[in-house]
Amino acid sequence: MRLFTPYYLGANAANFSERSGVINIAIEGFIIISALGYALFTIFSGSAIVGLVMAVLISVSFSLLFSLFVIKLKINQIVAGVGFNLLMAGLAKFLIVFLFQSSSNTPRFNSLPNIFFLESIPYLGKVLSDYIILFSFALVFISNFVLFKTKFGLRLRSVGENPEAGESLGIKVRLYKLYGVIICGFLASLGGIWLASNQNSFSDGMIAGRGYIAIAAMIIGKWKPVNIFIACMMFAFFEALEISLQISGTFIPSQIVQMLPYMITLLVLIGFIGKTKPPAADGIPY
Amino acid sequence: MSKKIKANIISISVSVLLTFLITVLVLLIIGKNPAEVFIMMFEDVFGSGYGFGQTLFKATPLIICGCGLAICFHASLFNIGAEGQLNAGAFVTALVAFALSNAGFLIAVPAALICGFIVSGALGLVPAVIKVKKGVSEVITTIMMNFIILASINFFLIDFFAVKSTVHTEKIPDGIMISKMSDLLPGFQGSSLNLTFVFAILMAVATYFFIYKTKTGYKIRSVGFNETASRYMGIKTNRIVMLAFFIGSGLTSFVGMNFIMGYKGYYEFGFSNNLGFTAIAVALLAKNNPIGIIFSALLFGFLDYGGLAVNTLVPKEIMFVIQGIVILTILSVDKLVEKYYLK
């Protein structure tokens, strides 16, 4: 159940961006850079809180840079996304080797503090005592509320569906796109922080495509927070299954389970499992 | 010279310069002497036949893969799936070459390359068909396909084809290996550079003619420029999309020739080391012009081998950072040139 956290944070990150009409395929990069940021600043400051704050700041600054490219300069969002992914993944690879003279991982560091009195609850203690996991669960309601029940959400969605109409009603289109991208950077950073905090170390390749699975979950979830939640739970289940298969070594090859999320996404896209429809002006610069 | 070509030259040179400056800045920030790093890099690359050969060797697959991608990009198809496509093609190339190794060089090598081409091309057709039939963006499908293909290769390789406790296939006999360049030009002694480099150059020239001088190439560019208008002009746009994807993805499989027949003799999981993504940067920097791709691939080959050469001063991983910076600078400089020079 805990494994769904990074997927759901990442998928919501992608969703806020796409709802405003900006395709951000660099979620993977954002998660990597925030996990690394958390790792570095926790190690050098000795405080997980400093790590958390800095990781969020780093991710948000990258999302500002990303919006400079795609909103201000109107560069093709996908190409820019690929560029950002390469840059951020490259930075992570480089910094680990440069700072720790190790090509694989950082030294161990502290995780985020927990809500201690909840930790002793049987079974659920590990879930209930983790702020970020709790936030992810709350996010189901928060995202739904913000996107569909507030003026902000309505405007954000209108910018992603029909920016011309939004503009004519006096909505600052580019500003709302900027909001979308910044929220995206923020949520993605929490995903990265959680992963790093949970493993107590950052290693190259630890994100392992979770950013892409998050995007897949968003598509399967049809850009709706509740459906995305179900999709993420399903993917988390596959991940848990994969881990237990690797441990027990049954006849089902773990590679097959590994590719399941991507297979399912493809099938959904092809239309075997219900129709999906992205925001109408998704990916079109304005 | 038309204004458009001038604009291209300006934006390419400004981007390269800008990337260079940012790299210098990064080196200064981490407390290294940029001059020292660059001198060492130049000495290693141009100081010996070995270094120069290795640079060309690294550039070879980038030229091949970059040309394949350029065909897709000319049709405005953003194929991010090269990493998966080329791995599948190379994997099959190695298997076929090994299976036919008794048939001799002249049969085994072409057969292996053709089979690789077909497999990569067919995998490229999947996103093309989904795009044409269902209107789903090729970007998402190719990303998903990358993971699916790589996991499948891993499965087949480890469970069926790999030499025990390794992640590579059986080695093909020397009889069907491609000659090393050093056999012809002793100056390249010790370097892995092989005749695939010559093949890659010829391929770039052929791709150039295909894109700019043939009817099909014209149609591909037309569809890339304006699909709706092309359809009204009577071009069968769906067919062109599928064709561009098939040929473009198929060509990426030829990188296997460099690694398998020219170097190791077997397919090894992870040999590509993000080649499919680096080639995106190569093609973008060259504005998808195959002749330009030769030069941008050489630049990246230089960075790749040069990075290894200066590894004692700066971790070679800095090259991944530079790749990202190249893409982002070329994108932004392009837009600025378009805005302030072409208007």
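This report walks through a predicted two-chain model, from the contact between the chains to single residues.

Residues are numbered from 1 along each chain as its sequence is written, while chains are lettered from A and ligands numbered from 1 in the order in which they are written. Local features need pLDDT of at least 70 and side-chain atom pairs count only at pLDDT 80 or more, whereas totals for chains, interfaces and linings use all residues; side-chain values use heavy atoms, with hydrogens and water left out.

## Where the chains meet

Chain A brings 35 residues to the contact and chain B brings 38 residues, where contact means heavy atoms within 4.5 Å. Together the two chains bury about 3400 Å², with 87% of this on carbon and sulfur atoms; buried area is the accessible area (1.4 Å probe) that two parts lose on being put together, summed over both. On the chain A side, A:Leu86, A:Phe94 and A:Gln255 provide 18% of the area buried against chain B, more than any other three residues. The salt-bridge rule finds zero such pairs across this interface.

## Core and surface

The largest nonpolar core counts 204 residues. Such a core is a set of buried Ala, Val, Leu, Ile, Met, Phe, Trp, Tyr and Cys residues joined through side-chain atoms within 4.5 Å; buried means under 20% relative accessible area, exposed over 50%, and partly exposed in between (1.4 Å probe, protein chains only). Among the residues with the most contacts inside this core are A:Ile25, A:Phe202, B:Met261 and B:Ile280. Beyond residues up to four places away in sequence, B:Ile280 touches A:Val82 as well as B:Leu69, B:Phe73, B:Phe78, B:Asn79 and B:Ile80.

On the surface, B:Leu17, B:Leu18, B:Phe20 and B:Leu21 make a nonpolar patch of about 370 Å². Patches are made of residues with over 30% relative accessible area and no salt bridge, with like charges joined within 9 Å and nonpolar side chains (Val, Leu, Ile, Met, Phe, Trp, Tyr) within 5 Å. Accessible areas come from the Shrake-Rupley method with a 1.4 Å probe, and for residues only the protein chains shown count as cover. B:Phe20 belongs to helix α1 (residues 3-29) of chain B and counts as partly exposed because its relative accessibility is 41%. Helices (H or I, at least four residues) and strands (E, at least two) are DSSP runs, numbered from the N terminus.

## A covered helix and its surroundings

Helix α12 of chain B is mostly covered, with eight of its 10 residues buried. B:Val255, B:Phe259 and B:Met261 are among these buried residues. They pack against α3 (49-74), α4, α5 (105-134), α8 (196-213), α11 (237-252) and α13 of chain B. After the helix comes B:Gly265, with a positive phi near 90°.

One residue of α4 (residues 82-99) is B:Thr93, which counts as buried because its relative accessibility is 1%. Leaving out residues up to four places away in sequence, B:Thr93 touches B:Ile260 and B:Met261, and its other partners include B:Ala112 and B:Ser253.

B:Ser272 sits in the loop between α12 (255-264) and α13 and is buried, at 7% relative accessible area. B:Ser272 lies 16 residues from B:Gly256 in sequence and 9.2 Å from that residue in space, C-alpha to C-alpha.

## Two loop residues with positive phi

B:Ser165 has a positive phi of about 55° although it is not a glycine; this residue is exposed, with 80% relative accessibility. B:Asn288, also not a glycine, has a positive phi of about 60°, but B:Asn288 is buried at 14% relative accessible area.

## Salt bridges

Over all chains there are six salt bridges, each a side-chain nitrogen of Lys or Arg within 4 Å of a carboxyl oxygen of Asp or Glu. Three of them are listed here.

| Pair | N to O distance |
|---|---|
| A:Arg210 and A:Glu239 | 2.8 Å |
| B:Asp174 and B:Lys171 | 3.7 Å |
| B:Asp334 and B:Lys287 | 2.4 Å |

B:Asp334 in helix α15 (residues 318-340) and B:Lys287 in the loop between α13 and α14 are 47 residues apart, so this pair links distant parts of chain B. A:Arg210 and A:Glu239 are both buried, whereas B:Asp174 is exposed at 63% relative accessibility.
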